[in-house]
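New to this one? Here's a quick briefing to help you find your way around.

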Amino acid sequence: MLLLHAHWQPPALPAASGAMLLWAEISLAQAPPWQRGKLAARPKARSHPFAAPAELLRAHPLLRAAHGATEGRCILQLPSTRTGPLPSPGLWHEWDLDTSTTPSLAPWEITGLALPPAEVVELLVQLRAADLPAGLRLGADVHFWHCVSTLVLEAVAGQKLVPVVAKAGSEYHARWLPLLDGEQDSQRLARLVAAMPSLCRAAVGSPAGRSDAVPPPAPRWLLDSYLHLAADALARRWGRSAAPRPAGKDADQQWLAALFADDPVVRGSAAQLDALAHSHRAWMRNLHVAGEGAFRIAFRMEAPLQQVDRPGAKAWQLHFLLQARDDPSLLVPAAAVWQSKGRVLTEAGRQLAQPQEKLLAGLGYAGRLFPPIAASLKTARPVTAALDNEEAYV
């Protein structure tokens, strides 16, 4: 039988698109040989003994339609004993394995099929829904990336995309990013991060496969990398037929063309590109003025303790807070923001850079819509806005 795995490989270069390495454990391989003697403290990477060859994967009916697949490789840190890497729990086998030794992580070289993000999304979504033939099972990492791929499709189908100008070294790139800022999106992303199988983070950064080379990537970074590049690839592929034709050689027209081209690099002079990036930042600021990825501005109304009949009395209090996007119950009062020291606010594992500036910016934006908030900004460190009965009703 084959137990299929999927390992996301973020791009090494900013202009690249990354790839998903599909590999499989095969139960027809010979039994892994026992290693005698003392185990090395820092073992070097060796070929995985029961990983299916790339040719076998390419010939499989479910993977045969992946025309963009190329042979790829990676080095993964896997639980190992004297008989080599331990097989995944879902792999049926009759091997005599070492169960007396406490497993430890060791690097193993994996070969498989590398697919670009657009083809990966289409394949993974169909793969789980298809009737799998006998002898093929899906690993936990395949199920995980399937769920992430459905989120990518949801963002693209719902047109929840924003075109951006991204600085990459001395270049500017045109990219499509999924705009996952809905009421439930932060919580969904947090659940995906918590559910990411450890195998997804098993990559070794050192080409030599040393276990002490680079720490494993953070789950949220891996998730965001796949979400961004997969949505970008689908937007380019599916939107290319209806893409507008550039009307000239100005930087904005070059950016528009790069949004639908295979190469994301925006062509133009340094001055033109800097001006384009500056204008784009001003435009994007409207999306994040009342918050950012981890926190957003929130308000809490406090009613007076007793009824106030005096006209114009400002007995209601509108409190200003910061609220965690992935946990609405986590609220940070404005007073705590002003008392915070440093440029980063840390609360229950969430971090917000420049919290005081973000709070003021969000209140300034809200003040355009509600004058009492604008009036509260006349103080150096606003924490509340006093409201009368009519203002509280509004």
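What follows is a short tour of a helix, some ring pairs and two single residues. Keep in mind that this is a predicted model. Helix α9 is a good place to start, with 15 residues running from 355 to 369.

**Helix α9**
- The end C-alpha atoms of α9 sit 22 Å apart, and that agrees with the 21 Å you'd expect for 15 residues at 1.5 Å a residue.
- Pro355, Leu359, Gly362, Leu363, Ala366 and Gly367 are the buried residues of this helix.
- Those residues cover an arc of only 145° around the axis, so they end up on the same side of α9.
- What lies over them? The cover for the buried residues of α9 includes the strands β10 (295–302), β11 (316–324), β13 (344–347) and β14 (350–353). Helices α8 (334–339) and α10 (371–376) are also part of that cover.

**Aromatic rings**
- The count of aromatic pairs comes to six.
- Phe50 and Trp95 make a tilted pair, with 4.7 Å from centre to centre and 45° between the planes.
- Phe50 is in the loop between β3 (46–47) and α1 (54–58), while Trp95 is in the loop between β5 (84–85) and β6 (104–115), so their pairing ties together parts that are 45 residues apart in sequence.
- Phe50 and Trp95 are both buried.
- Elsewhere on the ring front, Trp8, Phe144, Trp145 and Tyr226 are linked into a cluster by ring pairs.

**Arg175**
- You'll find Arg175 in strand β9, which covers residues 171–178.
- Is Arg175 buried or exposed? Its relative accessibility is 10%, and buried means under 20%, so Arg175 counts as buried.
- A polar atom of the Arg175 side chain lies 3.4 Å from the backbone oxygen of Ala16.
- Leaving out residues up to four places away in sequence, Arg175 touches a list of residues that includes Pro14, Ala15, Ala16, Val162, Pro163 and Val164. Also among them are Leu229, Asp232, Arg236, Leu259 and Pro264.

**Ala203**
- Ala203 has its place in the loop between α4 (185–195) and α5 (219–239).
- With a relative accessible area of 28%, Ala203 is partly exposed.
- Which residues does Ala203 contact, leaving aside its neighbours within four places in sequence? They are His7, Ile75 and Leu76.
- From Ala203 to Glu347 is 30 Å in space, C-alpha to C-alpha, and 144 residues in sequence.

Technical notes:
Residues numbered from 1 in each chain as written. Predicted model: local features only at pLDDT ≥ 70, side-chain atom pairs only at ≥ 80, totals over all residues. Heavy atoms only, no water. Helix = DSSP H or I, 4+ residues; strand = E, 2+ residues; numbered from the N terminus. Buried < 20%, exposed > 50% of the residue type's maximum accessible area, 1.4 Å probe, protein only. Contact = heavy atoms within 4.5 Å. Expected span 1.5 Å × (residues − 1). Arc of directions from axis to C-beta. Phe/Tyr/Trp six-rings, centres within 6.5 Å; stacked < 30°, edge-to-face > 60°. Polar contact = N/O pair within 3.5 Å; in protein donor to acceptor, adjacent residues only side chain to side chain.
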